[in-house]
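Student: I am new to this structure and would like a close look at a single part of it. Could you take me through one strand and its partners, and then a little of what lies around it?

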Protein chains: 2
Amino acid sequence: MRQIKLVLAYDGTDFYGWQVQPDAVTIQGTLASAIGRISGENVLPQGAGRTDAGVHAFAQVATFATGCPMAVENWVKALNEILPDTVRVMAASVVANDFHPRKSALGKTYRYRIYRDPICPPFLARYVWHYPYPLDEQAMVQAAGLVVGDHDFTSFAAVDPERNVENGARSNVRSIRDSQWSREGVELVYAVTGSGFLHHMVRNLVGTFVLVGKGTLSPADITAILNARNRSKAGATAPAGGLYLVGVEY
Amino acid sequence: MRQIKLVLAYDGTDFYGWQVQPDAVTIQGTLASAIGRISGENVLPQGAGRTDAGVHAFAQVATFATGCPMAVENWVKALNEILPDTVRVMAASVVANDFHPRKSALGKTYRYRIYRDPICPPFLARYVWHYPYPLDEQAMVQAAGLVVGDHDFTSFAAVDPERNVENGARSNVRSIRDSQWSREGVELVYAVTGSGFLHHMVRNLVGTFVLVGKGTLSPADITAILNARNRSKAGATAPAGGLYLVGVEY
């Protein structure tokens with residue numbers, strides 16, 4: 001048996017998130033059945049991040065153990081022939097048996113895309129949050145900087161204790177290395193890199209930064225919200241379609 | 001009553017084409033019901049081109065007559081609030097009552113996108129034809145040039161006589177002004193402008209040019225196929241998802 005690591009890109013729109021569920025089409029379940037069709041083995045691939053329904057990935061990392069003797073590079077083509085075209089295996093490699101895509105990760109990067117023009121092209125409807133209303137983007141840049149460092153992100157975590165147990169730690173402290181809003185043409189893009197993320201954390205940060213952009217909150221309120229450790233103090237969860245898991249570092 | 005002209009962009013993936021049909025979701029039907037919700041009138045908007053199921057548009061033109069006194073520019077916002085986000089009204093203006101989006105058109109331009117890299121990003125799956133196999137692109141460029149001018153396009157028309165009656169003419173002669181393949185990064189893009197197009201004509205041209213690219217046909221065979229006036233001489237219909245109606249000239 002050896003362990004294979006896959007890098008996956010997917011359009012999350014038509015999936016009920018990463019994690020396998022009874023009676024719902026998920027990325028993990030779809031991948032498991034494609035692997036099974038190739039190797040005849042019954043595996044449940046493990047992922048680096050449990051993306052929610054509608055959330056996309058440029059580079060999700062997943063692993064599975066297999067006794068299949070096929071050359072590792074052939075897994076890319078073989079899986080892509082079976083998987084729906086909204087899920088693509090971008091790369092495959094053999095990794096040590098003790099490698100775990102989530103537990104071994106040193107950091108993850110997410111991006112969130114907000115489309116600012118009055119009319120959102122139909123071809124982007126699945127891929128951005130269309131928000132054409134006024135926003136003080138400089139205030140949002142300021143606010144984003146305030147979450148860099150080690151903080152207890154309880155205020156930005158879904159009230160869902162079971163899912164907040166990452167890396168075996170029950171703490172809601174996470175370490176954010178980089179947190180920035182920038183303009184990319186008509187899009188306003190949030191990029192955040194950190195040690196790990198709580199359930200809904202990026203979307204809750206985005207929803208709260210948008211309240212800063214609207215002037216409902218001031219940038220400094222972000223620090224007060226962090227200190228409150230209370231989900232009800234932060235903004236609403238931003239729509240799933242704008243969010244992308246763009247990379248995992250090891 | 002005045003006539004309003006709309007410019008529409010849509011992602012055709014989830015629609016059963018432009019033309020209204022019983023028991024199928026179409027662009028024309030969806031637009032008709034959105035107009036009806038605003039004006040209370042029962043209208044059937046007319047379009048410049050009857051795009052097929054899965055075909056997209058950057059700038060379809062549609063018209064409808066209305067007695068609704070609303071300022072014309074407000075139709076854009078009002079319709080976009082009702083329409084699904086895969087159909088967008090980009091512009092609205094008042095036109096003369098004798099303007100007809102198809103009959104008044106001087107020309108139409110379509111584009112067809114072929115994605116050439118081995119792995120097609122999941123975010124483009126709905127929007128391109130993924131064709132990663134070898135193609136002699138120079139031969140395709142040559143072949144495309146041979147359809148410029150006035151030709152009987154029977155060999156490239158769906159065997160569907162009812163739909164080939166455009167502008168009241170029963171002839172299958174169409175005038176092509178421009179027909180070119182060009183590289184846009186990892187995409188190979190066909191752009192064609194002409195007086196009008198028969199049913200499936202652009203997709204049949206693309207399917208035939210790809211046979212030239214594969215070496216199954218030589219560029220000069222295109223002229224022989226035109227002369228044969230026989231659908232069975234040309235290549236298969238290229239997939240709908242790669243095709244876009246990009247503009248209509250008046």
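Tutor: In this predicted model, a good place to begin is A:Ala57, which stands opposite A:Leu245 in E10(A). That pair belongs to the pairing of strand E3 (residues 56–66) of chain A with strand E10 (residues 243–249) of chain A, where 2 bridges join the strands and they run parallel. A:Leu245 also appears in another pairing, since it is the bridge partner of A:Tyr110. Here strand E5 (residues 107–115) of chain A is joined to E10(A) by 6 bridges, and these two strands run antiparallel.

Turning from strands to helices, the axes of helix H1 (residues 27–39) of chain A and helix H2 (residues 74–82) of chain A come within 9 Å and cross at roughly 115°, and H1(A) passes H2(A) in a right-handed crossing. The residues that meet are A:Ala34, A:Arg37 and A:Ile38 in H1(A) and A:Ala78, A:Leu79 and A:Ile82 in H2(A). Sorted by class, this contact has 5 nonpolar residues, no polar ones and 1 charged residue.

Finally, chain A has a counterpart in chain B, which is superposed on chain A by a rotation of 180° with 0.0 Å of shift along its axis, at an RMSD of 0.0 Å. That is the relation of a two-fold axis, and in chain B the C-alpha nearest the axis is that of B:Phe123, 4.8 Å from it. Of the interface residues of chain B, 100% are also interface residues in chain A, so the copies meet through the same surface.

Key
Residues are numbered from 1 along each chain as its sequence is written. Chains are lettered from A and ligands numbered from 1 in the order in which they are written. This is a predicted model: local features need pLDDT of at least 70, side-chain atom pairs count only at pLDDT 80 or more; totals for chains, interfaces and linings use all residues. Copies are superposed by least squares on the C-alpha atoms of residues with pLDDT of at least 70 in both. Two residues are in contact if their C-beta atoms, placed from the backbone, lie within 7 Å. Axes are lines fitted to C-alpha atoms, for helices over the stretch in contact, and angles run from 0 to 180 degrees between N-to-C directions. Helices (H or I, at least four residues) and strands (E, at least two) are DSSP runs, numbered from the N terminus. A crossing is left-handed if the near helix is turned anticlockwise from the far one by less than a right angle, and right-handed if clockwise. Ala, Val, Leu, Ile, Met, Phe, Trp, Tyr, Cys and Pro count as nonpolar, Asp, Glu, Lys and Arg as charged, and the others, Gly among them, as polar. Two strands pair if DSSP finds at least two bridges between them.
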